[in-house]
Amino acid sequence: MTEEQNQTITDTPHYLAKALMANGIRDMYGVVGIPVTDFARIAQGMGMRYIGMRHEADAVNAAAAEGFLNARPAVALTVSAPGFLNGLPALLEATVNGFPVIMIGGSSTRHIVDLNEGEYEGLDQMGYAKPFCKASLRIDRIEDIPLAVARAVHIASCGRPGAVYLDLPDDTVAQMLSKDAAKANLWTPADPQPSMPPSRASVDAAMALLRQAKHPLMVIGKGAAIARAEKEIREFIGKTDIPFQPMSMAKGVVPDDDPHSTASCRSLALGNADVVLLVGARLNWMLSFGQGKPWNSQVRFIQIDIDPEEIDNARKIDVPMVGDIRSAMMMLNGALEERPFTASEEWLGLIRKAGAANKAKFAAKERSEQVPMSHFNALGAIAKVYDRHHEDLILANEGANSLDDCRNIIAMREPRRRLDCGTWGVMGCGTGYAIGAAVATGRKVLYIGGDSAFGFDGMEVETACRYRLPITFVVLNNGGIYRGDFENLGTDGDPSPLTLTYEAHYETMIEAFGGEGYYATTPEETEAMVERAVMSGRPSFVHVQLAKYAGRESGNIGSLNPKPVVGALAASEVTAHDYAQGARM
Ligand code: ADP
Ligand code: MG
């Protein structure tokens, strides 16, 4: 462009960055290349924060974490075909989790792709993205940029939030528009996250059912965290004394140390509850679809969800309350003003007793000095650090046992401080989440993962170092998937399918990029080193060495493995310990 044109004409990269920023989108995570490199550089020059990641899935996960934490989508940027495809699993994961995010994928020249002429990285990306997100849209004309961004923001944010894909062909990247037209065209949606109160009748029906309950229970899911409804939910619990079971990412909506929490007596709570108020929690595999073990066979459900299609997904819902959680809880709180309702002392007493007994049982394991360490005493040591710094710290957690045991051992007191494997139970999301959390909030982040989970997205320690993010990576190494002592059932001498390097020094990975590494073998060292790493506010890494035999198959969900043939023992259930005890097949 000549100097004169520069004064009067804008182009797609500038206009797109401007439209994103006009919508309050601040951060973009990506991996650049053809045809989006200039766009990233120009956006950065115009004041967007750009975080260059090492894999597109991590970029989408980082942006999705920001969406969850800040209730506003961030952008993930990919190059064409392979880069774009790398982002898709995380795009679907964000949609399944209900995290708002916008993925922008540069793509190759439309007319050549459409005739399948053999274009460089030619792929119908808009078509491929469709089943992976709430909406897949393409920007064919520069003048449509404000509309495209507004639609992306709106769709990602409204109802159950999720992912939107925006396709950006190179022919669009090259387009220009007069600055006057660009200015006149720019607009943003008035209310992308409208409140949607449930019907009055559903509120009355819910209160009527709750009043019949002998053992009412509230199950708080991550929808409540997404809805930012902590104030209203805490008020409801304060008024009713209703016990609550927090789902993993809902921990902290009400503090874990609240006496109404049933986290440490889940089976008793779910097994005895006769009326359950689901608040932003789906009756999916995590809640055994609301039937059979661990549920009481007579249980009846009230479900608050913004998505009407969620109701009756796996069983009958007696009282659907379709609407947003904040409005719904406000209406329930209002109904309580008119006519109070409280849970019985008998029910709360049962819960307190069972909770205290279980806590005492686990406390001994968490405080044990045993070496080599188990997940329990290693996490017990880390929990002491988290407890001291919970006000400043966000937790990103992935793994099998490293996930399940961490969820139980590290108490959350504030909402939206825990990011984990989510609805699917995926691995390879944690370091992206950690980076998104650090960038989105400016807080310190503690990543805790197993050696297997960390391996999927471990290269992002370089990103953390490059941007000097205050992230402490903690890897609990037991030398394998689930645990490190599985044996090869054959004779070729290779490691077993579950084996990883037990003798590793994962902390040296961060040292390669200028971060601080620590290697801990005892609970005392673990506590001291994690404390030092967190306090440093620098990218740091603590390798925590566990016993090879620490851990259970699939953490707490071994029951999901296909059952072995009657009389035989599944190979996956055979450990070195079983061998030692003569449990050979
Ligand atoms: P968890 O895994 O914690 O049990 P889920 O992800 O299964 O939680 O369920 C969250 C539910 O919350 C989803 O069905 C989603 O539609 C719903 N949800 C998300 N945001 C809101 C909101 N603002 N109001 C009401 N429901 C919401
Ligand atoms: Mg492991």
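Visitor: How exposed is Ala263?

Guide: In this predicted model, Ala263 has a relative accessibility of 33% and therefore counts as partly exposed, a class that runs between 20% and 50%. Ala263 sits in the loop that connects β10 (244-246) with α14 (266-272).

Visitor: How many residues separate Ala263 and Pro197 along the chain, and what is the distance between their C-alpha atoms?

Guide: Ala263 and Pro197 are 66 residues apart along the chain, and their C-alpha atoms are separated by 29 Å.

Visitor: What are the corresponding separations, in sequence and in space, for Asp324 and Gln193?

Guide: Asp324 and Gln193 are 131 residues apart in sequence, with 9.9 Å from C-alpha to C-alpha. Asp324 belongs to the loop between β13 (319-322) and α15 (325-338). Because its relative accessibility is 13%, Asp324 counts as buried.

Visitor: Let us turn to ligand 1. Which residues come nearest to ligand 1?

Guide: Ligand 1 has 20 residues around it, and those that come nearest are Arg160, Lys222, Arg282, Asp305 and Ile325. By class, the shell consists of seven nonpolar, six polar and seven charged residues. Helix α12 (residues 222-226) gives the most to this shell, namely three residues.

Visitor: Which atoms of ligand 1 lie at short polar distances from the protein, and how much of the ligand's accessible area is covered?

Guide: For a polar contact, one looks for a pair of N or O atoms within 3.5 Å. An oxygen atom of ligand 1 lies 2.5 Å from a side-chain N or O atom of Asp305. For the side chain of Arg160, the distance from an N or O atom to an oxygen atom of ligand 1 is 2.8 Å. The backbone takes part as well: a polar backbone atom of Ile306 is 3.1 Å from a nitrogen atom of ligand 1. On its own, ligand 1 has 580 Å² of accessible area, of which the protein covers 96%.

Visitor: Which protein atoms are the donors of the magnesium ion (ligand 2)?

Guide: The protein donors are OD of Asp451, OD1 of Asn478 and O of Gly480, at 2.0 to 2.2 Å from the magnesium ion. Along the chain, these donors follow the spacing D-x26-N-x1-G. Asn478 and Gly480 are both buried.

Visitor: How should one read the nonpolar interior?

Guide: In soluble globular proteins, nonpolar side chains tend to be buried together. Here the largest nonpolar core comprises 105 residues, and Tyr29, Met218, Ile220, Ile233 and Leu332 have the most contacts inside it. Helix α4 (residues 56-70) supplies the largest share of this core, with nine residues. A second core, separate from the former, has 35 residues, including Met28, Met48, Val164 and Val173.

Visitor: Which residues of helix α2 (residues 12-22) are buried?

Guide: The buried residues in helix α2 are Thr12, Pro13, Tyr15, Leu16, Ala17, Ala19 and Leu20. Following α2 is Gly24, with a positive phi near 80°.

Visitor: Is Thr472 buried or exposed, and which side chain does Thr472 contact?

Guide: Thr472 has a relative accessibility of 2% and so counts as buried. Thr472 is part of strand β17 (residues 471-477). Its side chain makes a polar contact of 3.1 Å with the side chain of Ser540.

Visitor: What should one look for in the backbone geometry?

Guide: Most residues other than glycine have a negative phi, and most peptide bonds are trans. Ala81 is not a glycine, yet its phi is positive, about 20°. Ala81 lies in helix α5 (residues 81-97). With a relative accessible area of 8%, Ala81 is buried. Asp241 also has a positive phi, about 60°, and is found in the loop between α13 (230-240) and β10. Asp241 is partly exposed, its relative accessible area being 27%.

Visitor: Where do the cis peptide bonds at Pro294 and Pro372 lie?

Guide: One cis bond runs from Lys293 to Pro294, with omega near 5°. Pro294 is placed in the loop between β11 (275-279) and β12 (300-305). Another cis peptide bond joins Val371 and Pro372, where omega is about -5°. Pro372 is located in the loop between α16 (345-367) and α17 (375-389).

Notes. Residues numbered from 1 in each chain as written. Chains lettered and ligands numbered in written order. Predicted model: local features only at pLDDT ≥ 70, side-chain atom pairs only at ≥ 80, totals over all residues. Heavy atoms only, no water. Near = heavy atom within 4 Å. Polar contact = N/O pair within 3.5 Å; in protein donor to acceptor, adjacent residues only side chain to side chain. Areas by Shrake-Rupley, 256 points an atom, 1.4 Å probe, with all protein chains shown as cover. Helix = DSSP H or I, 4+ residues; strand = E, 2+ residues; numbered from the N terminus. Nonpolar A, V, L, I, M, F, W, Y, C, P; charged D, E, K, R; others polar. Buried < 20%, exposed > 50% of the residue type's maximum accessible area, 1.4 Å probe, protein only. Donors = N, O, S within 2.8 Å, 3.2 Å for Na, K, Ca; no water. Core = buried A, V, L, I, M, F, W, Y, C linked by side-chain atoms within 4.5 Å.
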